[in-house]
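Reader: I'm new to this one. Can you put it up and walk me through it?

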Amino acid sequence: MSLPRVRLDRCTREDGGIWRLDAPQVRHLVKSLRSYDGASVEGLLEEGGGGKLLMRLESKDGAYYLREAGEVARTPDKLEITLLIALLKAHQFDEVLRAASELGIKEILPVECERSVPRMGANASQKTLRWRKILDEGSLVAGSVCPTKINPVVTFGGISWDRLPENRTAAVISPASRPISEIAPREGQVVYAVGPEGDWSGHETSVLLSRNFIPVTLGERILRASTAAIAGCAWFRMGGC
Ligand code: SAH
């Protein structure tokens with residue numbers, strides 16, 4: 001059985017291996033998960049390379065604390081996955097973020113493509129905050145030490161290709177695409193790209209190929225972009241765990 005999880009980076013560190021919980025985490029742990037004094041909790045610590053600690057819950061004068069009680073063994077991901085994803089309509093994009101965070105995707109690069117329906121527009125910072133919240137929740141549910149990161153949205157022309165891992169795969173609907181099952185990296189870094197609801201434009205596809213992306217198919221069926229993103233991420237994650 002897995003333990004309830006808390007992000008220690010959001011707690012206040014006190015002397016003697018004690019961490020004071022903030023109000024939202026008290027609500028989560030005590031009110032929602034009904035954890036009581038003495039309960040075991042897993043503390044996720046991103047700072048300093050990251051780690052997982054076994055903690056015991058204590059309360060005093062209405063405040064809640066976690067006391068360090070040992071380390072929890074963890075196996076760092078052998079394969080780090082970056083998802084390059086076209087901006088999608090809100091509910092589809094949220095769905096991708098939720099699944100990507102649970103699957104431990106390292107980083108998300110959202111791209112405004114030629115055929116992306118939504119545009120970033122004026123409420124960009126509000127959207128980014130909502131996205132971060134979804135990613136933080138999913139990463140906590142999954143017990144990831146480091147939450148999935150999301151980069152600022154760029155246009156397709158503004159992608160920094162040199163920053164991307166050399167192992168590159170793009171979901172492309174074409175008879176020339178290779179089955180994704182033939183691409184099964186088990187370690188290192190990989191970037192996986194998925195186009196918008198209206199598909200990659202011809203120009204975007206040729207740029208991806210010229211930037212050494214291997215075009216892959218996920219089968220005969222045309223999937224929604226969100227399904228193609230989640231299925232591909234799951235494929236890479238399962239190979240690398
Ligand atoms: N509107 C288009 C489909 C776009 S699907 C049409 O009706 O033809 C959106 C994105 O999901 C695509 O750009 C591609 O990246 C990915 N995708 C969906 N199904 C796929 C499949 N079977 N193989 C590879 N990529 C797929």
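Author: Let's go from the overall layout to the core, one helix and a few backbone angles. Keep in mind that this is a predicted model.

Reader: OK. How many helices and strands does the chain have?

Author: The chain has five helices and 14 strands. Its C-alpha atoms fill a box of roughly 65 × 40 × 30 Å along the principal axes.

Reader: And what share of the residues is buried?

Author: Of 241 residues, 46% count as buried. The accessible surface is about 12,600 Å², and carbon and sulfur atoms hold 51% of that.

Reader: What about the charges? How far apart are the mean positions of the positive and negative ones?

Author: They are 3 Å apart, for 32 positive and 30 negative charges.

Reader: Now the inside. Which residues touch the most other members of the largest nonpolar core?

Author: Leu-83, Ile-85, Ile-108, Tyr-192 and Val-194 do, in a core of 30 residues. At least two residues each come from β7 (79-86), α2 (90-102), α3 (124-142), β13 (188-194) and α5 (225-239).

Reader: Which element gives the most?

Author: That is α5, with five residues.

Reader: Is there another core?

Author: Yes, one of 17 residues lies apart from it. Ala-86, Ile-159, Ala-170 and Trp-200 are among its members.

Reader: Back to Ile-108. What is Ile-108 in contact with, leaving aside neighbours within four places in sequence?

Author: Its contacts include Leu-83 and Ile-85, plus Leu-97, Ala-100 and Leu-135. Thr-148, Lys-149, Ile-150 and Asn-151 are on the list too.

Reader: Leu-97 and Ala-100 sit in α2, right? Which residues of α2 are buried?

Author: Both are in α2, and both are buried. So are Gln-92, Phe-93, Asp-94, Val-96, Ala-99 and Ser-101.

Reader: What do those buried residues pack against?

Author: They pack against β7, β8 (107-112), α3, β9 (149-150) and α5.

Reader: How far does α2 reach?

Author: From first C-alpha to last, its 13 residues reach 18 Å, close to the 18 Å expected. Just after α2, Gly-104 takes a positive phi of about 70 degrees.

Reader: Which residues other than glycine have a positive phi?

Author: Arg-34 is one, with phi near 55 degrees. Asp-199 is another, at about 75 degrees. Most residues other than glycine have a negative phi.

Reader: Where do they sit, buried or exposed?

Author: Arg-34 is in the loop between α1 (23-32) and β4 (40-45). Arg-34 is exposed, at 55% relative accessible area. Asp-199 lies in the loop between β13 and α4 (202-210). Asp-199 is partly exposed, at 29%.

Technical notes. Residues are numbered from 1 along each chain as its sequence is written. This is a predicted model: local features need pLDDT of at least 70, side-chain atom pairs count only at pLDDT 80 or more; totals for chains, interfaces and linings use all residues. Side-chain values use heavy atoms; hydrogens and water are left out. Helices (H or I, at least four residues) and strands (E, at least two) are DSSP runs, numbered from the N terminus. Buried means under 20% relative accessible area, exposed over 50%, partly exposed in between (1.4 Å probe, protein chains only). Accessible areas come from the Shrake-Rupley method with a 1.4 Å probe; for residues, only the protein chains shown count as cover. Lys and Arg count as positive and Asp and Glu as negative; His and the chain ends are not counted. The place of a charge is taken as NZ of Lys, CZ of Arg, CG of Asp or CD of Glu. A nonpolar core is a set of buried Ala, Val, Leu, Ile, Met, Phe, Trp, Tyr and Cys residues joined through side-chain atoms within 4.5 Å. Contact means heavy atoms within 4.5 Å. The expected span of a helix is 1.5 Å times one less than its number of residues.
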